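Visitor: I'm new to this one and would like a tour. Can we look at it together, one question at a time?
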Amino acid sequence: MLSIAGSDPSGGAGIQADLKTATALGVYGAAAITSLTVQNTRGVTGIHPVPAGFVADQIVAVLTDLEVAAIKIGMLATAEIAAAVAEVLRARPGPAIVLDPVVIATSGDRLVTPEVTAVIKDELLTLATVITPNLPETGTLLDHEPPTTVAEMSLAAQELRTQGSAAALVKGGHLGRSETITDVLADADGVINFSGPYVPTANTHGTGCTLSSAIASELASGRRLRPAVEAAKNYLTGALRAGADRRIGSGSGPVDHLWREQSR
Ligand SMILES: Nc1ncnc2c1ncn2[C@@H]1O[C@H](COP(=O)(O)OP(=O)(O)O)[C@@H](O)[C@H]1O
Ligand SMILES: Cc1ncc(COP(=O)(O)OP(=O)(O)O)c(N)n1
């Protein structure tokens, strides 16, 4: 599994989360870094994008050497980086692509320039096996208000498919506290809800990164999309539960990626 994403020095999101997730799921993880961030559990205070050509070179180096079965795309930082990633991947079809259209961190900090969304819509959406926006990202991609109910998430997921994505998983983490938390997948077979228990914790830093890299890892292991999403959500719920009471950092802490190892 190749992660094309930004670096989070606090270790809970970005490539750090993606590599922990792949490892925990028994998949070899590689990483092409799109940007360095200055970030901790309290927020993001700096972004240093990698030159677009150098991002492309990293991806080509991995794809021309390792047998990559699935790619996760996360933070793209600038339109130039997004366009370079699209160009490289268009020229090398094959791996499944999980596109997490990262715009804003849970802390409220913007992670990409506004122009990135247009490149995602125009160039990356059609390359994706599945796109995994949260509610605000769904609103941005569709140019309307974010969904506020599971029924609206279902309509939005189907609308994203009409924009060119083979499948869309609209994540419900921003719907607020309830007994269950539901993500909605629209694919060629229709619409399906993935519901799991809501885990009451402030330690949700990197949940979107963890989910998308878990889906990519499960696809790399040979699962089809629906079973891959189900397995990824179960893994994430376990990691949220195991990390719920940890005190790593003073803000929104990371999930416990290695929870399965510890429960052995
Ligand atoms: N408190 C929670 N309990 C259980 N699952 C959660 C919780 N918060 C988020 N999730 C799950 O984490 C994943 C990411 O959700 P979301 O917060 O919507 O995305 P992002 O992290 O990209 O903003 C989704 O599968 C969502 O259902
Ligand atoms: C480097 C980097 N990439 C992505 C994110 C956003 O992570 P995500 O899992 O979508 O959400 P939160 O961490 O904000 O809950 C990030 N923070 N850093």
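Visitor: Which helix does Ile81 lie in, and where does that leave it, buried or exposed?
Guide: This is a predicted model, and in it Ile81 belongs to helix α3. A residue needs 20 or more other C-beta atoms within 10 Å to count as buried. Ile81 has 27 of them, so the verdict for this α3 residue is buried.

Visitor: Which residues does Ile81 touch, leaving out those up to four places away in sequence?
Guide: There's a link with a residue 28 places away along the chain, Gly53, whose C-alpha atom is 7.8 Å from that of Ile81. As for contacts, once residues up to four places away are set aside, Ile81 touches Thr34, Pro49, Ala52, Val55 and Leu76.

Visitor: What about Ser212, is that buried or exposed?
Guide: Ser212 has its place in helix α7. Its count is 29 other C-beta atoms within 10 Å, and 20 is enough, so Ser212 is buried.

Visitor: How many residues apart in sequence are Ser212 and Leu99?
Guide: In space, their C-alpha atoms are 7.6 Å apart. Beyond the neighbours within four places in sequence, Ser212 is in contact with Lys72, Gly74, Val98, Asp100 and Thr132. Along the sequence, the separation between Ser212 and Leu99 is 113 residues.

Visitor: How many helices and strands does the protein chain have, and how many Å is its radius of gyration?
Guide: The protein chain holds 9 helices and 9 strands. For its 264 residues the globule rule gives 18 Å, and the chain comes close to that, so it is as compact as a globular protein of that length. The C-alpha trace spans about 45 × 35 × 35 Å along its principal axes. The radius of gyration itself is 17 Å.

Visitor: What share of contacts joins residues at least 24 apart?
Guide: Some background on the protein chain: buried residues make up 53% of its 264 residues. For the contacts, take those between residues at least 6 apart in sequence; the share joining residues at least 24 apart is 68%.

Visitor: Which residues touch the most other members of the largest nonpolar core, and which element gives the most to it?
Guide: Nonpolar side chains tend to be buried together in soluble globular proteins. Here the largest nonpolar core has 78 residues, and Ala82, Val85 and Ile215 touch the most other members. The element that gives the most to this core, with 8 residues, is α8.

Visitor: And which residues is Ile215 in contact with?
Guide: Let's skip its neighbours within four places in sequence. What remains for Ile215 is Val98, Val130, Ala228, Val229 and Ala232.

Visitor: Which element gives the most to the shell around ligand 1?
Guide: There are 19 residues around ligand 1, and Asn134, Lys171, Gly173, Val199 and Gly208 come nearest. By class, the shell has 6 nonpolar, 10 polar and 3 charged residues. At least two residues each come from β8, α7 and α8. The most, 4 residues, come from α8.

Visitor: How many charged residues are in the shell around ligand 2?
Guide: Ligand 2 is surrounded by 20 residues, the closest being Gly6, Gly14, Ala105, Thr106 and Gly208. Two or more residues of its shell come from each of β1, β2 and α7. Sorted by class, there are 7 nonpolar and 12 polar residues, while the charged count is 1.

Visitor: Ala77 and Asp143 have a positive phi; which of them is buried and which exposed?
Guide: Most residues other than glycine have a negative phi. Ala77, in the loop between β4 and α3, has a phi near 65°, as does Asp143, in the loop between α5 and α6. Ala77 has 24 C-beta neighbours inside 10 Å, whereas Asp143 has 8. So the buried one is Ala77 and the exposed one is Asp143.

Visitor: Which element of the protein chain has the lowest mean pLDDT?
Guide: Across the protein chain the mean pLDDT is 96, with 99% of residues reaching 70 or more. For the complex, the predictor gives an ipTM of 0.98 and a pTM of 0.98. Among the elements, strand β4 has the highest mean pLDDT at 99, and the lowest, 87, belongs to helix α9.

Terms used:
Residues numbered from 1 in each chain as written. Chains lettered and ligands numbered in written order. Predicted model: local features only at pLDDT ≥ 70, side-chain atom pairs only at ≥ 80, totals over all residues. Near = placed C-beta within 6 Å. Nonpolar A, V, L, I, M, F, W, Y, C, P; charged D, E, K, R; others polar. pLDDT = per-residue confidence, 0-100. Buried ≥ 20, exposed ≤ 12 C-beta atoms within 10 Å, placed from the backbone. Contact = placed C-beta atoms within 7 Å. Rg over C-alpha atoms; globule rule 2.2 N^0.38 Å. Core = buried A, V, L, I, M, F, W, Y, C linked by C-beta atoms within 7 Å.
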